[in-house]
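Colleague: I'm new to reading protein models. Could you walk me through a feature or two?

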Amino acid sequence: MDQDAWRREDPGHTRAVTQIHEPGALPVEAGIPARHEYWELLPEDVRARLTEKAGRPLTWWAGPDADGRPSAVMVGDRGLCRVGQVLRDGVAEFRGRRVRVEPGSLRSRSFDGRPSPDGRAAAPGLPGAAVLRLELDAQAQGVLGHFPLPVQDFLQRPFLAGGAQVTADWYYDETVEARQTTWFVAFVLSTDHVLAAAEGTRTLARGARPDRAEWHGIQCHQARLSPR
């Protein structure tokens, strides 16, 4: 993959648009602590090591993995880090992996995420432009689909120039209040050579249509990665 794919103008891609996804369900399993509480459940040395390897945190979360074991993901200015619990000779222990951020490659941008006045959103790009599709599974597409269209474009575009398998990681939690529901959502796309990440808080007034949800500042990041 061209390491500067998102920085240079590519005649084949400037007229194209990235695929825009529809929002999917965001089911929440009762009884699982939110990320800050779950973080405190991890051993202190695991937390310290993860923070040391990742550097200044850009987005992160902690929670059970698909098998219900403790895990955490952190994107920092020094690396993308994942840690999880595995069984070795019948004893549970934590194992981590970091992919380094190439120094000087980090690019950050914020989006306000306010809904449009008529409730509709326009995809970035020109009318009639070709659509560039990124292979993601249905669940990942559904989470990505909750972000505003410019954010979806920002996250996907660095991966369109190459054919490497893209990994999607995400986290969200929900807070239900009398007048509104609030979601914190974090989403990361990565290969061995590039990553894109976003996090933000989204609120929806009680009884309002989903397309009237409002994001309160979305922080996005792109960076090149060095596997070694």
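Modeller: Sure, let's start with a salt bridge, meaning a side-chain nitrogen of Lys or Arg within 4 Å of a carboxyl oxygen of Asp or Glu. Here arginine 224 pairs with glutamate 102, and their closest N and O atoms are 3.0 Å apart. Arginine 224 sits in strand 11 (residues 214–226) and glutamate 102 in the loop between strand 5 (91–101) and strand 6 (107–111), so the pair ties together parts 122 residues apart in sequence. Strands are DSSP runs of E, at least two residues long, numbered from the N terminus.

Modeller: A word on the source: this is a predicted model, where local features need pLDDT of at least 70 and side-chain atom pairs count only at pLDDT 80 or more, while totals for chains, interfaces and linings use all residues. Residues are numbered from 1 along each chain as its sequence is written, and side-chain values use heavy atoms, leaving out hydrogens and water.

Colleague: Is arginine 224 buried or exposed?

Modeller: Buried means under 20% relative accessible area, exposed over 50%, and partly exposed in between (1.4 Å probe, protein chains only). Arginine 224 comes out at 10%, so it is buried.

Colleague: How many salt bridges does a search of the whole structure find?

Modeller: It finds 10. One of them joins arginine 82 to aspartate 169, with the closest N and O atoms 2.7 Å apart. Arginine 82 is in strand 4 and aspartate 169 in strand 8, 87 residues apart. Arginine 82 is partly exposed at 25%, whereas aspartate 169 is buried at 16%. There's also a network of salt bridges linking Arg88, Glu93 and Arg95.

Technical notes. Helices (H or I, at least four residues) and strands (E, at least two) are DSSP runs, numbered from the N terminus.
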